[in-house]
Amino acid sequence: MTAERPKVVIVGAGFGGLTAAQSLAWAPVDVTIIDRHNYHYFQPLLYQVATAALSPADIAWPIRGILRRQTNATVLLANVTGIDADVRIVHAGTVAVPYDYLVLATGATHSYFGHPEWAPIAPGLKQIEDATAIRRKILLAFEHAELTDDYAEQRRLLTFVVVGGGPTGVEMAGAIAEVAHHALPSEFRRIDTHAARVILIEAGPRLLPTFPEDLSAYAHEALERMGVEVRTQARVTNCDQDGVSLEETRIEAGTVIWAAGVVASPAAEWLGVDHDRAGRVTVEPNLTVPGRPEIFVIGDTASAADAAGRTVPGIAPAAKQMGRYVAHVIASRVENGTSPGPFRYRHQGDLATIGRKAAVVKLNSIHLTGFIGWLFWGIAHVYFLIGLRNRAVVAFSWLWNYLTYQRGARLIVDSPDNQKMARDEKVRPLPSAVAVSPSSSQDQARSGRADWR
């Protein structure tokens, strides 16, 4: 009789979980991957979906398609609700999945620092659904501004606030400014999209706090050259449908985007183990849960330390390194009963794009900025995409955007706001300003821009 092979269950098909699964392709184990989505997506480019530079299909791939040739891998589309570590069972809806080894790679979500009521008002950017919702919100802001004859409301609609000065916030602010100043001006007749106000708010003393100060300063200056208002040492005290409140001022805004913090998935609650303030499971040097050598936690869900004692950052390269390491540990235990040494994180650099021909790159002691940094950032991101088709599509889309300033993914679909507007809006004549000249409202917007900055 053939002995039953060890069962490895991986929860989450992000960078860490997918890398772990692929790294176990030749190990004598049976792998089950559980994810609540049927696709893996390239999270660093979500902001480009949110700002209409790319379509969701350009940065996402079906998990089953990625693993179709891996005969020891089974994919389950399910939402994990709990773990019974004593009997080694993962509960995923109505399904109970047994395991010999468990890898939790369930990622993180937005943190509103004790104000969950802000979530519907200030969406964050962690999932493809978030990106398409933000894209809809941004594009509808311009459409609704085109419809209104209330100048104050128009100014509010054309004010975009991004909360958080990390890489996501910097990239979002720069991309929104490019949409307003380059992609849309020739397409609207009653508003001047150049008058759109983009405000980036950071509670700390500088943008990109994990980057060196010279790169942080470059990012700040580059954003301001693009027309983004940067406010550092500014803390948001309230968000509502009409804007945000800071400690000393109020900003009326039609769109607020949250990029200020993250909190880990409820993996620590499932296991009943220690975690840090962000909810990340405190793991052993080999990424196992204390007292549970068969359970591994990786990626954004884990609080792990590097050789210098610093917390491993929650970025894609770190998650992939963790995934490969955990697969090596499991394979070694199964094949020869040994276990390799502790996990060693190797930092490969920091990258953030600011906008057209502007990015910051840190590779050990090498610092790149401007066009060279932007080119390096683009090549690196295309390289790490999965599949030749997606690499070609993204590269061509970026080249087309660079040459024409156009963004081809500007589709407003499944919009509750738009459906409600269609039901409630009564037929009414356009304001008299349009009858005079399409440029008259644009002149009004230009002349009034200084009044509401």
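User: Let's start with strand pairing. How many bridges join strand β14 to strand β15, and do the two run parallel or antiparallel?

Analyst: This is a predicted model, so keep that in mind throughout. For any strand pair, look at the bridges and then at the direction. Here β14 (residues 236-240) and β15 (residues 243-246) are joined by four bridges and run antiparallel. To place the register, take Val236: its bridge partner in β15 is Leu246. Two residues sit between the strands, and together β14 and β15 form a hairpin.

User: And for contrast, which strand does β11 join, and in what sense?

Analyst: β11 (residues 159-163) is joined to β17 by four bridges, and these two run parallel. Phe160 is the residue standing opposite Thr255 of β17.

User: What covers the faces of β17?

Analyst: I can tell you that both faces are covered, going by burial. Check the residues side by side: in β17 (residues 255-258), Thr255 and Ile257 point to one side, Val256 and Trp258 to the other, and all four are buried. Trp258 also belongs to an aromatic cluster with Tyr112, Phe113 and Trp118.

User: Now the sheet with six strands. What is the strand order, and which strands are at the edges?

Analyst: Read across the sheet, not along the chain. The order is β5-β2-β1-β9-β21-β20, the sheet is open, and its pairing is mixed. An edge strand pairs on one side only, and here that applies to β5 (73-77) and β20 (288-289). At the β20 end, β20 and β21 pair antiparallel over two bridges, with Val289 opposite Arg292 of β21.

User: Which helix lies across β20 and β21?

Analyst: Helix α9 (residues 316-336). Besides β20 and β21, α9 lies across β1 (7-11) and β9 (101-104), and its direction is at about 155° to β21.

User: Pick a residue in β21. Where is Pro293 found, and what is Pro293 in contact with?

Analyst: Pro293 is found in β21 (residues 292-297). Setting aside neighbours within four places in sequence, Pro293 is in contact with Thr288 and Arg333. Pro293 counts as partly exposed because its relative accessibility is 45%. Sequence distance can mislead you too: Leu102 is 191 residues from Pro293 along the chain, yet their C-alpha atoms are separated by 9.6 Å.

User: What about a loop residue, Ser265: buried or exposed?

Analyst: Buried, because its relative accessibility is 12% and the cut-off is under 20%. Ser265 is in the loop between β18 (262-264) and α8 (267-271). Beyond residues up to four places away in sequence, Ser265 touches Thr106, Gly107, Ala108, Gly279 and Thr301.

User: On to packing. How many residues are in the largest nonpolar core, and which have the most contacts inside it?

Analyst: The largest core has 64 residues, and Phe142, Met172 and Ile354 have the most contacts inside it. Helix α6 (residues 167-183) gives the most to this core, eight residues. There's a second, separate core of 56 residues, including Val9, Ile83, Leu102 and Met322. If you want a residue to click on, try Ile354: leaving out neighbours within four places in sequence, its contacts include Val170, Tyr218, Leu223, Met226 and Val360.

User: How many aromatic pairs are there, and why is Phe15 with Phe42 called edge-to-face?

Analyst: A search of the whole structure finds nine pairs. Look at ring centres first, then planes: the centres of Phe15 and Phe42 are 5.7 Å apart and the planes are at 80°, so the pair is edge-to-face. Phe15 is in helix α1 (residues 15-23) and Phe42 in the loop between β3 (39-41) and α2 (46-50), so the pair links parts of the chain 27 residues apart. Phe15 is buried at 15% relative accessibility, and so is Phe42 at 5%. Compare Phe371 and Trp374, a tilted pair with 5.7 Å between centres and 35° between planes. Those two are three residues apart in helix α10 (residues 370-384), which means about one helical turn separates them. Phe371 is partly exposed, at 38%.

User: Last one: what is the average pLDDT, and where is it below 50?

Analyst: The average is 87, and 89% of the residues score at least 70. Residues 421-453 are below 50, though this stretch still has 39 contacts in the model beyond near neighbours in sequence. Where pLDDT is low, the predicted coordinates should not be read in detail.

Note on methods: Residues numbered from 1 in each chain as written. Predicted model: local features only at pLDDT ≥ 70, side-chain atom pairs only at ≥ 80, totals over all residues. Heavy atoms only, no water. Buried < 20%, exposed > 50% of the residue type's maximum accessible area, 1.4 Å probe, protein only. Contact = heavy atoms within 4.5 Å. Pairing = 2+ DSSP bridges. Axes fitted to C-alpha atoms, helices over the stretch in contact; angles between N-to-C directions. pLDDT = per-residue confidence, 0-100. Core = buried A, V, L, I, M, F, W, Y, C linked by side-chain atoms within 4.5 Å. Phe/Tyr/Trp six-rings, centres within 6.5 Å; stacked < 30°, edge-to-face > 60°.
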